[in-house]
Amino acid sequence: MGKMKIVVCDHIHEEGLKILENSSDIEYVNAADEPKDKLVTEIIPDADVIITRSSTDVDEFLLSHAKKLKAIVRAGVGVDNVDIEGCSKRGIVVMNVPTANTIAAVELTMAHMLACVRQFPYAHNNLKIDRVWRRQDWYGTELMGKKLGVIGFGNIGSRVAIRAKAFGMDIVAYDPYIDPSKVTNLDMTYTTNFDDILACDIITIHTPKTKETINMIDKEEIAKMKDGVILINCARGGLYNEDALYEGLKSGKIRMAGIDVFSKEPATDNKLLDLDNVTVTPHLGANTKESQRNIAIQAVEAAISAARGVAYPNALNLPIKENELPDFVRPYLELSQKIGNMAAQLTQSGIKSIKITCEGEISEYIDSLTTFATVGIMSEALADQINYVNAEFVAKDRGIEIEKEILKDATHGFKNLITLKVATANGNTLKISATVLGDDMQRVVDIDGYTLDLEPKGKLILFKNNDEPGVIGEVGLTIAKHKINISDFRLGRNSEGLALAVIKVDQDITKELLDELSNLKAAISVRSAIL
């Protein structure tokens with residue numbers, strides 16, 4: 001199989017480019033400085049995956065030339081420049097990078113909140129530009145003791161709330177899509193009554209832009225607010241109706257507003273800029289060096305996973321609506337596809353049956369997990385012929401039995417656990433169990449009865465052997481002979497005197513290395529996988 005081609009259409013941080021350069025199975029083209037017509041007509045036609053930002057429109061013109069394209073990664077959150085429907089019709093998966101700029105957006109929100117209560121920009125300009133020293137004009141208020149209404153309690157909203165609580169604020173959170181305990185466990189108030197938010201001293205919004213959230217704050221809602229309320233929007237333009245916001249600010253009903261995003265951008269002629277009780281920034285939510293580095297790394301890693309068919313993290317146009325799933329489910333979708341792909345690489349034989357067992361709360365989503373695991377398994381053989389819509393149908397057409405088992409109560413010491421068992425045409429079986437620790441730490445915890453703690457990522461060698469002295473040293477020396485660096489070494493043992501080592505390496509795993517490892521006296525089997 002030839003190398004998979006990834007095209008970088010717009011400028012991203014150099015750390016992302018370094019990852020592409022060091023991926024030996026990837027051919028990448030940095031076309032950020034190429035004219036757009038050349039990019040579309042000459043470079044993209046044979047691309048497997050492209051990485052874009054806001055400068056490249058993924059429209060009908062581009063898609064009509066993208067003959068091999070199977071995935072698009074938007075290096076950022078917004079996908080306004082991507083024709084998602086057009087991509088879906090062509091079977092192209094669209095992904096974004098929604099969490100890389102989390103801290104940057106959180107801190108900008110706090111900056112706007114502080115700027116509003118103390119009117120920093122105006123006091124600064126009065127002294128520095130006007131050269132006027134009038135302390136009496138700039139009496140602000142304090143965050144301490146104020147009630148903050150947080151609309152949307154996801155990655156950003158929850159972190160804003162935690163920081164605001166450190167300032168001594170009382171937090172009221174509104175988010176119908178989360179478990180209330182996510183709020184109450186932080187000693188904050190969860191509400192399903194939107195009027196409780198409107199009664200707060202300061203309101204900040206952190207939701208995606210959907211039909212449900214556009215103009216979520218309009219004249220009616222502003223009329224119910226406290227006189228002198230402060231509003232913050234560092235999420236998406238249009239969540240506050242800008243006409244209603246303007247009138248509220250002009251009348252004094254809204255004391256101050258901190259705005260980073262606008263309905264139409266660039267917003268150089270927006271009438272909100274005419275008011276002297278609004279702090280504004282030109283959509284700087286992701287504009288930190290750390291954020292840009294994180295965005296590039298996550299976008300590139302997603303593109304490589306998609307090119308390899310291992311996973312499609314944060315896919316936006318799957319038949320499964322990820323944005324409607326609880327936050328804790330999403331990492332399990334990617335994880336199930338990864339262990340499916342891992343199983344396919346380790347068995348290297350025709351699959352006869354697939355069994356998915358789910359324990360704990362995650363079992364409610366077993367159908368989705370089965371789909372993702374099946375894609376992971378089938379993509380090793382069928383590449384771009386398999387997708388989330390046809391995976392189970394194709395499997396059944398090929399005579400592969402799919403079985404699902406639910407164990408409501410977790411029995412292995414984990415709150416949630418997924419186990420994939422595959423049986424091959426030659427009579428062998430492989431079983432992999434995995435879970436997610438914390439919010440998103442994916443871990444393989446068992447392979448065929450060997451307990452491990454393994455991140456399913458990178459170039460892996462699985463070395464099964466008789467458990468006797470000196471084996472680890474022999475394995476290390478053999479790998480070193482091939483000038484390959486070991487980056488991680490995980491070891492599991494069983495009661496039968498056998499051991500399984502999973503060795504993560506930096507360089508390519510060659511057939512020569514695997515053969516030499518297989519010839520070691522203690523070796524029982526040697527396999528490899530790339531995730």
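# Exercises on a predicted chain

Of the 531 residues in this chain, 51% count as buried, and the reader should keep in mind that the model is a predicted one.

**Exercise 1. Describe the overall build of the chain, and decide how its radius of gyration relates to that of a compact globule.**

Step 1. Begin with the secondary structure, which consists of 17 helices and 22 strands.

Step 2. Turn next to the extent of the C-alpha trace, which spans about 85 × 55 × 45 Å along the principal axes of the chain.

Step 3. For 531 residues, a compact globule would have a radius of gyration near 24 Å, and because the chain has 26 Å, the two values agree.

Step 4. Consider also the contacts with a separation of 6 or more, of which 64% are accounted for by residues 24 or more positions apart.

**Exercise 2. Work out what the surface of the chain is made of, and how far apart the mean positions of its positive and negative charges are.**

Step 1. The chain exposes about 25,400 Å², and carbon and sulfur atoms supply 48% of this area.

Step 2. There are 61 positive and 76 negative charges, and their mean positions are 2 Å apart.

**Exercise 3. Find the aromatic pairs, and state for each partner whether it is buried or partly exposed.**

Step 1. The count comes to two aromatic pairs.

Step 2. One of them joins Tyr174 and Phe194 in an edge-to-face arrangement, with 5.0 Å from centre to centre and 70 degrees between the planes. Tyr174 lies in strand 7 (residues 170-174) and Phe194 in helix 9 (residues 194-198), so this pair ties together parts that are 20 residues apart in sequence.

Step 3. The cut-off for buried is under 20% relative accessible area. Tyr174, with 18%, is therefore buried, and Phe194, at 16%, counts as buried too.

Step 4. Phe328 and Tyr365 also form an edge-to-face pair, with 6.2 Å from centre to centre and 80 degrees between the planes. This pair links distant parts of the chain, 37 residues apart, since Phe328 is in the loop between helix 12 (289-308) and helix 13 (330-347), while Tyr365 is in the loop between strand 13 (351-359) and helix 14 (366-382).

Step 5. Here the partners fall into separate classes, because Phe328 has a relative accessible area of 28% and is partly exposed, whereas Tyr365, at 18%, counts as buried.

**Exercise 4. Examine Arg236 and Leu239, and list what each of them touches beyond its neighbours in sequence.**

Step 1. Arg236 is found in the loop between strand 10 (229-233) and helix 11 (242-251), and Leu239 is likewise in the loop between strand 10 and helix 11.

Step 2. Arg236 has a relative accessible area of 18% and is therefore buried, while Leu239, at 0%, also counts as buried.

Step 3. Not counting residues up to four places away in sequence, Arg236 touches Gly78, Asp80, Thr207, Pro208, Lys209, Val261 and His283.

Step 4. With neighbours within four places left aside, Leu239 is in contact with several residues, among them Thr207, Pro208 and Lys209, as well as Ile205, Met216 and Asn233. The C-alpha atoms of Leu239 and Glu212, which are 27 residues apart along the chain, are separated by 9.5 Å.

**Exercise 5. Place Ser305 in the chain, and decide whether it is buried or exposed.**

Step 1. Ser305 lies in helix 12.

Step 2. Its relative accessibility is 14%, so Ser305 counts as buried.

Step 3. Leaving out residues up to four places away in sequence, Ser305 touches Val310 and Ala311.

Conventions: Residues numbered from 1 in each chain as written. Predicted model: local features only at pLDDT ≥ 70, side-chain atom pairs only at ≥ 80, totals over all residues. Heavy atoms only, no water. Helix = DSSP H or I, 4+ residues; strand = E, 2+ residues; numbered from the N terminus. Rg over C-alpha atoms; globule rule 2.2 N^0.38 Å. Buried < 20%, exposed > 50% of the residue type's maximum accessible area, 1.4 Å probe, protein only. Contact = heavy atoms within 4.5 Å. Areas by Shrake-Rupley, 256 points an atom, 1.4 Å probe, with all protein chains shown as cover. Lys, Arg positive; Asp, Glu negative; His and termini not counted. Charge placed at Lys NZ, Arg CZ, Asp CG, Glu CD. Phe/Tyr/Trp six-rings, centres within 6.5 Å; stacked < 30°, edge-to-face > 60°.
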